[in-house]
Amino acid sequence: MATLEDIGVSAAINLLSALIFLFLFAILRLQPFNDRVYFPKWYLKGLRNSPSRSRALVSRFVNLDCRSYIQFLNWMPQALKMPEPELIDHAGLDSAVYLRIYLMGLKIFVPITILAWVVLVPVNYTNDALEAEKMAANVTASDIDKLSISNVPLKSQRFWAHIVMAYAFTCWTCYVLLKEYEKVASMRLQFLSSERRRPDQFTVLVRNVPPDPDESVIELVEHFFLVNHPDHYLTQQVVCNANNLASLVKKNEGMQNWLDYYRFKYSRNRSQRPQTKTGFLGLWGAKVDAIDYYISEIEKLSKEITEEREKVLNDPNCIMPAAFVSFKTRWGAAVCAQTQQSRNPTLWLTEWAPEPRDVYWPNLAIPYVSLSVRRLITGVSFFFLAFFFMIPIAFVQSLASIEGIEKSLPFLKPVIEVEFIKSVVQGFLPGIALKLFLILLPTLLMMMSKFEGLTSLSSLERRSAMRYYIFIIINVFLGSILTGAAFEQLDSFIKQSASEIPKTIGVAIPMKATFFITYIMVDGWAGIAGEVLMLKPLIIYHLKNFFLVKTEKDRNEAMDAGSLGFNTGEPRIQLYFLLGLVYAPVTPILLPFIVMFFGFAYVVYRHQIINVYNQEYESGAAFWPAVHGRVITALVIAQLLMMGLLSTKQASSSTPFLIALPVLTIWFHVFCNGRYKSAFVKYPLQEAMMKDSLERASSPNFNFRSYLEKAYVHPVFKGDGNDDDYEQYLSENQEDDAENVLVPTRRHSRRDSPAVSRAASPALSEEVQSVEHRV
């Protein structure tokens with residue numbers, strides 16, 4: 001069991017690491033040759049120029065202005081200066097609302113910390129239950145645990161203080177959640193109403209287009225929407241399966257980078273032409289001239305790309321039963337996206353199209369009928385991943401207690417009894433070990449989400465974040481408590497009767513606060529400081545700059561601005577909400593560490609959002625209902641664990657008063673979703689009509705067709721000199737005259753009028769009959 005001394009050693013190590021990282025960052029960011037690493041967002045916006053252009057040779061690399069070093073920590077107040085409206089214009093609503101998660105953490109936990117320390121710490125500390133437990137049941141405990149609820153004796157009337165505080169903490173948390181939900185919903189609606197024109201405002205994604213023997217997908221989609229949305233339909237872009245073409249283009253880009261590298265290398269030393277091996281990554285195979293080899297490989301790939309492009313454009317099998325359909329107005333798009341299009345609810349499925357940079361193109365080629373199977377496979381895989389990961393988690397927890405190790409492995413006692421080693425093992429090693437185990441997990445979860453078939457980067461990140469959060473609850477939180485408690489009390493479990501085991505676990509759960517304190521210091525102090533240092537992007541940029549960069553364009557491409565990484569960052573924040581809410585009435589000593597994390601992380605990530613991160617997409621804070629739901633989940637878990645803990649304390653007269661808490665919390669969650677969630681999943685028709693009316697008045701002659709007809713072209717057809725081929729392909733497969741009352745069709749019929757396909761809707765039948773009547 002970690003003692004105050006062990007926690008002090010851990011705090012010293014992590015605090016020193018954080019200060020070193022911050023000092024290095026403050027110095028490195030002032031050097032001109034690092035300017036593109038620490039301020040890439042301003043370069044991407046074209047608002048910053050390299051400070052090394054018009055300087056002396058030494059000044060291009062090293063900042064010789066001594067005055068700038070005096071104020072090397074001024075980045076912190078500068079990060080807080082930009083007001084929120086300006087931050088939204090600069091970085092987008094997603095980034096601004098993401099920062100509000102940290103602010104919400106401060107709003108919740110600062111008052112809770114003060115109240116818990118004023119009320120609960122004296123209540124817990126002025127008891128001696130743990131001393132009695134040590135003598136009677138040989139239970140492991142430390143001085144830190146005397147500040148927790150474990151130190152309150154059985155059947156004590158003091159448990160009423162914890163119950164009252166549980167109600168107070170719940171009420172305050174729900175109040176903050178309500179205000180934040182209301183504020184973010186208002187910010188989203190204001191953002192959508194004031195946002196500039198974007199293609200996704202006028203476009204829906206149509207999936208599961210039914211097959212038709214007489215018409216191609218392009219003709220069928222156009223026919224369907226001309227009939228069912230005649231006044232608003234504008235144009236469409238069918239989805240092509242260009243995954244193989246995209247992989248060839250990506251491979252060609254990699255070959256071109258190697259060719260540029262070897263040419264640049266040869267330009268520096270013309271005495272010898274560079275050589276390479278033809279095997280994997282140039283590690284084996286025949287040695288050949290590198291420049292000639294990559295030129296020949298690029299020529300071969302270029303021929304393959306040309307053939308594959310022709311196949312994609314001309315082969316009907318490459319056309320997927322899906323399309324991006326654009327409308328003349330936002331109102332028309334909103335009606336289509338939020339209504340059922342066909343009598344059969346599984347056909348002509350419509351949803352709001354992601355913005356073009358948010359589309360995850362590889363998954364659009366997945367047949368819609370296979371998505372259910374993919375979801376099932378992904379769910380089963382995630383279940384087994386979460387289950388089997390308990391093994392390394394249990395091993396990590398074995399490092400969390402020196403006393404527990406000595407009970408089961410006594411031969412290690414001489415080594416681990418050295419004071420410094422003991423403090424490091426208990427106060428630092430468990431937290432860093434757990435963090436290392438979780439490094440590869442986000443990549444695995446993102447692969448699962450991609451396999452599941454989601455069609456936008458934002459939905460991929462939200463789904464990965466949901467699974468990451470579930471994984472954290474099961475393995476990091478519950479796994480750490482249960483396996484750690486079982487290991488620590490191993491000797492007690494063996495010797496005591498079965499009826500006493502729940503009591504021992506109840507006493508041991510608060511004791512795991514020391515492990516989570518060490519984890520918070522590793523992840524929330526040193527980890528956040530490492531985030532602002534950006535050591536990995538710094539090294540990669542300078543390697544690229546040295547070996548590959550020849551022009552200013554190359555230098556811009558070498559920058560790695562990165563993004564927030566919602567799929568990893570938000571679940572990590574939610575772990576701190578969970579720990580804070582669970583341990584607030586149990587072990588209040590953990591709360592100051594939580595508050596320090598939220599405050600420090602808010603400053604760091606605000607700086608990163610302003611100067612570094614370049615968000616890949618803008619979802620208009622669509623993730624906030626998930627954030628709200630996960631905090632509610634943490635609150636309910638805290639309440640249930642509190643009820644279970646008090647039941648082991650034989651507080652039968654007071655524990656029933658906690659039953660109402662989870663019920664009221666779930667009701668509150670339902671109320672909030674009913675009141676505000678629709679603002680995040682639907683676009684009000686009133687807002688759409690108002691926006692359209694204002695746009696018609698301000699830009700009456702704007703050409704929406706030219707603006708939208710190529711907005712959702714697959715990236716492999718953009719910027720590669722083949723746009724003309726794709727334009728020709730579109731013009732050959734869709735009609736230019738969208739105002740024609742008689743809908744053109746290629747369906748065969750025994751009559752002169754067009755026959756109705758089996759896949760057509762009842763509205764199509766009525767339209768054809770009315771046309772026949774007029775004729």
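**Exercise 1. Determine whether D692 is buried or exposed, and identify its surroundings.**

Solution. D692 has a relative accessible area of 3% and is therefore buried; buried means under 20% relative accessible area, exposed over 50%, and partly exposed in between, with a 1.4 Å probe and protein chains only. The model is predicted, so local features need pLDDT of at least 70 and side-chain atom pairs count only at pLDDT 80 or more, whereas totals for chains, interfaces and linings use all residues. Residues are numbered from 1 along each chain as its sequence is written, and side-chain values use heavy atoms, with hydrogens and water left out.

Next, D692 is placed in helix α31 (residues 685-698); helices (H or I, at least four residues) and strands (E, at least two) are DSSP runs numbered from the N terminus. Finally, apart from neighbours within four places in sequence, D692 is in contact with F202, T329, R330 and W331, where contact means heavy atoms within 4.5 Å.

**Exercise 2. State which residues of helix α13 are buried, and what covers them.**

Solution. The buried residues of α13 are R330, G332, A333, A334, C336 and A337. Because six of the eight residues of α13 (residues 330-337) are buried, this helix is largely enclosed by the rest of the structure. The cover over these buried residues includes β1, α10, β5, β6 and α31.

**Exercise 3. Give the strand order of the open sheet, and explain why β2 and β6 each have one side without a neighbour.**

Solution. The four strands follow the order β2-β5-β1-β6, and their pairing is antiparallel; two strands pair if DSSP finds at least two bridges between them. Strands β2 (233-240) and β6 (349-352) stand at the edges with a single partner strand each, so one side of each lacks a neighbour in the sheet. On average, neighbouring strands of this sheet are turned by 25 degrees against each other, direction ignored.

The pairing of β2 with β5 (residues 319-327) is antiparallel and comprises six bridges. In one of these strands, β5, F327 is the bridge partner of Y233. Helix α10 (residues 217-228) packs on the sheet, where it touches β1 (203-207), β2 and β5, and its direction makes about 150 degrees with that of β2. Axes are lines fitted to C-alpha atoms, for helices over the stretch in contact, and angles run from 0 to 180 degrees between N-to-C directions.

**Exercise 4. Describe the environment of Y233 in strand β2.**

Solution. Y233 is buried, with a relative accessible area of 2%. Beyond its neighbours within four places in sequence, Y233 is in contact with E222, F225, L226, V325, S326, F327 and K328. Y233 and G332 are 99 residues apart in sequence, yet their C-alpha atoms are 7.6 Å apart in space.

**Exercise 5. Classify the packing of α27 with α29, and of α7 with α9.**

Solution. The axes of α27 (residues 566-583) and α29 (residues 624-648) come within 9 Å and cross at roughly 30 degrees. These two helices are therefore roughly parallel; angles under 35 degrees count as roughly parallel, over 145 as roughly antiparallel, 65 to 115 as roughly perpendicular and the rest as oblique. Among the contact residues are F566 and F577 of α27, and V627 and L641 of α29.

For α7 (residues 93-125) and α9 (residues 159-194), the angle is about 165 degrees and the axes are 10 Å apart. Helix α7 is therefore roughly antiparallel to α9.
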